[in-house]
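I opened the model to look up how its helices pack against one another, and I note here what I found.

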Amino acid sequence: MSQEVQFANTDLPDLIQLKDISQVYDGNKVVIKDCNLLIEDKPGKGEFIVILGPSGCGKSTLLRYIAGLQTPTTGEVHLNGKLRTSKDSVGMVFQRYSSFPWMTVQQNVELGLVYAGVSAKERSQRAKAMIEKVGLVGHEGKFAQYPALSGGQLQRVAIARSLVSNPKMLLLDEPFGALDIQTRLQMQEMIQRIWSEFEGTMIFVTHDIPEAVFLADDIYIMGRNPGNIKRHFPVNFPRERTRDLKRSPEFNKLVYELEDEMMALNK
Ligand SMILES: Nc1ncnc2c1ncn2[C@@H]1O[C@H](COP(=O)(O)OP(=O)(O)OP(=O)(O)O)[C@@H](O)[C@H]1O
Ligand SMILES: [Mg+2]
């Protein structure tokens with residue numbers, strides 16, 4: 001199927017661009033083909049971008065290119081308008097195992113500031129403020145490992161560490177995928193609340209349609225065989241969002257539209 005999404009390159013600075021990306025494994029297994037993506041920087045505001053797609057379509061692979069953990073077989077990855085180099089560093093939150101279990105919660109969060117050259121005193125203060133935002137007050141001295149911290153709490157640590165330096169962009173690869181439903185819903189509310197205070201752009205991967213609609217400003221749907229960004233859905237609900245939004249007819253209409261699109265793309 002041909003590329004359906006046309007990316008309008010406006011006067012805003014380019015943040016992330018994937019150009020004509022293809023990924024081939026084992027010589028002939030084409031996993032991603034002619035994939036393009038352009039995310040522009042909305043200074044002081046950022047955007048919540050969700051990449052939605054079925055298992056195996058290449059969502060994590062796209063994030064790994066942006067994070068610099070993998071290079072595509074062909075095509076280019078640009079960050080901030082320039083070809084990506086090994087010096088570029090972009091934070092990523094994974095589905096699980098995103099925290100360092102040999103460090104305490106406080107140390108994990110402070111780590112997000114170590115490479116930014118922030119003084120020890122300021123690191124401690126900023127980490128404390130971030131720990132409060134993610135709801136982990138009282139857990140600062142615990143090691144970031146299960147079962148002293150639950151799966152949801154460990155993801156809170158990872159999010160706090162990733163956001164404490166107020167980065168321009170953050171990648172999240174199904175960060176709530178391993179959580180029970182109640183914790184997942186709480187984490188969805190938390191991430192969008194924190195994000196509304198944050199000025200950067202989130203690139204959030206999920207295969208959960210209501211999660212995508214609840215969080216996103218823009219949804220890009222991927223299809224598979226081969227993986228490619230096929231559709232763009234802007235989401236125009238105001239910030240801040242609470243779980244009540246999920247009961248509105250507009251919310252459910254969009255969920256069904258996306259569901260139909262996903263079914264049609266991945267027959
Ligand atoms: N090293 C590899 N060798 C061969 N195939 C690979 C390799 N790494 C990934 N793949 C294949 O590439 C495809 C895309 O993988 P990727 O992990 O990006 O998918 P995904 O969309 O993130 O899926 P999920 O939702 O299950 O996490 C899959 O079919 C996977 O089997
Ligand atoms: Mg994945």
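In which hand, left or right, does H4 pass H5? I find that H4 passes H5 in a right-handed crossing, the near helix being turned clockwise from the far one by less than a right angle (anticlockwise would be left-handed). I keep in mind that this is a predicted model, in which local features need pLDDT of at least 70, side-chain atom pairs count only at pLDDT 80 or more, and totals for chains, interfaces and linings use all residues. Residues are numbered from 1 along each chain as its sequence is written, while chains are lettered from A and ligands numbered from 1 in the order in which they are written.

Entry on H4 and H5. I looked up the residues in contact (C-beta atoms, placed from the backbone, within 7 Å), and they are Gly-152, Gln-155, Ile-159 and Leu-163 of H4 with Thr-183, Met-187, Ile-191 and Ile-194 of H5. I sorted them by class (Ala, Val, Leu, Ile, Met, Phe, Trp, Tyr, Cys and Pro nonpolar; Asp, Glu, Lys and Arg charged; the others, Gly among them, polar), which gave five nonpolar, three polar and no charged.

Entry on H2 and H3. I noted that H2 also passes H3 in a right-handed crossing, where Val-105, Gln-106, Val-109, Glu-110 and Leu-113 of H2 meet Arg-123, Ser-124, Arg-126, Ala-127, Met-130 and Ile-131 of H3. By class, I recorded six nonpolar, two polar and three charged residues for the contact of H2 with H3.

Technical notes: Helices (H or I, at least four residues) and strands (E, at least two) are DSSP runs, numbered from the N terminus. Two residues are in contact if their C-beta atoms, placed from the backbone, lie within 7 Å.
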